[in-house]
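Please open the structure in your viewer and keep the selection tool at hand. The stops below tell you what to select next and what you will find there.

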Amino acid sequence: MEAEKTHTPSRNGDPAADRRAPPGHDPLEDIKRRVYLASLVVGLPPIPLLWATARPGELFLRVGLPVLAAFCLWCMWALWSRRVPLWRLERAVFAAISAFVLGQLAFRIFAGTGWNMDQASLTETTYPMLAILCIIAQLIFDTQTALRLSLGLFGTATALVGAGALVEESGHRITLDQTAWIAQQSAFLAAVIALVYATSYVKSQLARQRTLAEAMHRLAHTDPLTGISNRRSLYAALRREMEAARRYGKPLSVILFDLDRFKLLNDTYGHNQGDAALRRVAHTARAALRASDHLGRWGGEEFIVLAPETDLDQARHLAERLREAIALDRPPGRPPLTASFGVASCRPDDSPEDLLRRADEGLYRAKAGGRNRAETAV
């Protein structure tokens with residue numbers, strides 16, 4: 001794959017999705033390339049040995065194995081040079097192996113030295129290879145495409161074996177043993193396909209349910225505009241932090257702040273700029289806070305910070321740091337922003353409403369005192 005055109009591979013192996021994916025470096029692709037290269041390095045040396053030990057009458061192996069070896073060398077070059085997209089290379093390998101296995105199956109059936117001998121040979125090599133191809137299909141392609149390809153391999157192999165039996169017994173009835181052997185091999189391959197498909201389907205459904213559950217959790221606990229916690233999540237977190245503060249005798253403070261003259265900003269610059277300002281403040285505040293602090297959007301242009309193990313004086317300094325960070329964040333072409341802050345610390349007999357009310361009183365005094373300032377609750 002060309003380095004300057006590298007795309008993140010889609011999870012379902014769709015090349016169209018690969019083209020739509022944003023460019024970027026995918027560590028998983030590097031791992032896959034290394035694994036494929038190691039597999040080729042290990043798997044290539046036996047091919048000349050198989051070619052050298054092939055019987056003179058096995059024309060397919062005499063011709064097919066050198067072609068397969070050349071193809072493996074090309075794959076090694078493609079993996080090393082990254083000149084071929086990985087999804088395209090995987091499909092080429094799958095197609096080449098499928099053609100080789102089905103070609104060998106057809107040659108052994110129609111040009112072999114005897115039907116009974118070929119039965120044992122097919123049971124030992126060809127059908128296990130077809131089963132492995134069905135598993136590989138599920139790893140490379142999406143579930144539905146893999147199922148169609150597996151059924152195609154199954155149908156082709158069954159048709160070749162059935163046709164071979166008819167040709168072998170031309171003018172005679174197929175024996176019960178031959179019929180049983182065909183049924184056994186067909187049932188084996190069908191069972192592999194069914195098992196692999198069922199496993200892949202269940203796995204995809206579980207992944208889908210997990211993704212939906214995570215999405216529902218985000219919708220329930222995250223503010224969609226800013227990506228930080230919403231009011232419901234913050235209130236639940238506040239109750240937990242207050243219980244922990246009482247249990248362990250640790251301080252807990254709350255910082256409530258909102259943007260100054262936000263309605264004027266919306267009226268002057270438009271709601272798009274207002275939304276951008278809210279996102280900007282959330283990003284700036286998150287960068288200025290500590291890892292233990294909990295930031296969320298309380299509603300409208302109002303934000304809240306839960307500061308565990310932080311007393312009133314420490315929380316006031318934290319609010320000042322936030323105030324300065326917001327006021328100094330002035331990207332070109334964006335309106336200047338300031339915010340006013342109310343700070344309160346949890347008392348032993350406080351309810352969440354009591355603590356929030358005192359923080360709101362501090363915020364009101366900050367607004368009344370000229371804005372762009374922080375006030376602590378009495």
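**Two helices that cross**

Begin by selecting helix α9 (residues 231–248) together with helix α13 (residues 352–368), which pack at an angle of about 110° with their axes 10 Å apart. That angle makes α9 roughly perpendicular to α13. Bear in mind, as you look, that this is a predicted model.

Now show the side chains where these helices touch: Tyr235, Leu238, Arg239 and Met242 on the α9 side meet Pro352, Glu353, Leu355 and Leu356 on the α13 side. Sorted by character, the residues of this contact are six nonpolar and two charged, with no polar ones.

**The sheet**

Next, select the five strands of the open sheet, whose order is β2-β3-β1-β4-β5 and whose pairing is mixed. Why is one side of β2 and of β5 left without a neighbour in the sheet? β2 (294–299) and β5 stand at the edges and each has a single partner strand, so one side of each has no neighbouring strand. If you look along the sheet, the twist from one strand to the next averages 20°.

At the β2 edge, add strand β3 (residues 302–308), which runs antiparallel to β2 and is joined to it by five bridges. To find one of these pairings, select Arg297, whose bridge partner in β3 is Phe303.

**Helices against the sheet**

Bring α9 back into view, and you will see that it lies across β1, β2 and β3, running at about 130° to β2. Then select helix α12 (residues 312–328), which also packs on the sheet, where it touches β1, β3, β4 and β5, and whose direction makes about 165° with that of β4.

**Strand β4**

Finally, select strand β4 (residues 339–345): is it mostly covered or mostly exposed? It is mostly covered, since seven of its seven residues are buried. In a regular strand the side chains alternate between the two faces of the sheet. Here, Ala339, Phe341, Val343 and Ser345 lie on one side and Ser340, Gly342 and Ala344 on the other, and both faces are covered.

Look next at the partners of β4. Strand β1 (residues 252–259) runs antiparallel to β4 and is joined to it by seven bridges, and here you can find Leu256 opposite Gly342. Strand β5 (residues 374–376) runs parallel to β4 and is joined to it by three bridges, with Val343 standing opposite Thr376. To end the tour, select β4, α13 and β5 together, and you will have a left-handed β-α-β unit on the screen.

Technical notes
Residues numbered from 1 in each chain as written. Predicted model: local features only at pLDDT ≥ 70, side-chain atom pairs only at ≥ 80, totals over all residues. Heavy atoms only, no water. Axes fitted to C-alpha atoms, helices over the stretch in contact; angles between N-to-C directions. Helix = DSSP H or I, 4+ residues; strand = E, 2+ residues; numbered from the N terminus. Parallel < 35°, antiparallel > 145°, perpendicular 65-115°, else oblique. Contact = heavy atoms within 4.5 Å. Nonpolar A, V, L, I, M, F, W, Y, C, P; charged D, E, K, R; others polar. Buried < 20%, exposed > 50% of the residue type's maximum accessible area, 1.4 Å probe, protein only. Pairing = 2+ DSSP bridges. Right-handed = clockwise from strand over helix to strand, strands pointing away.
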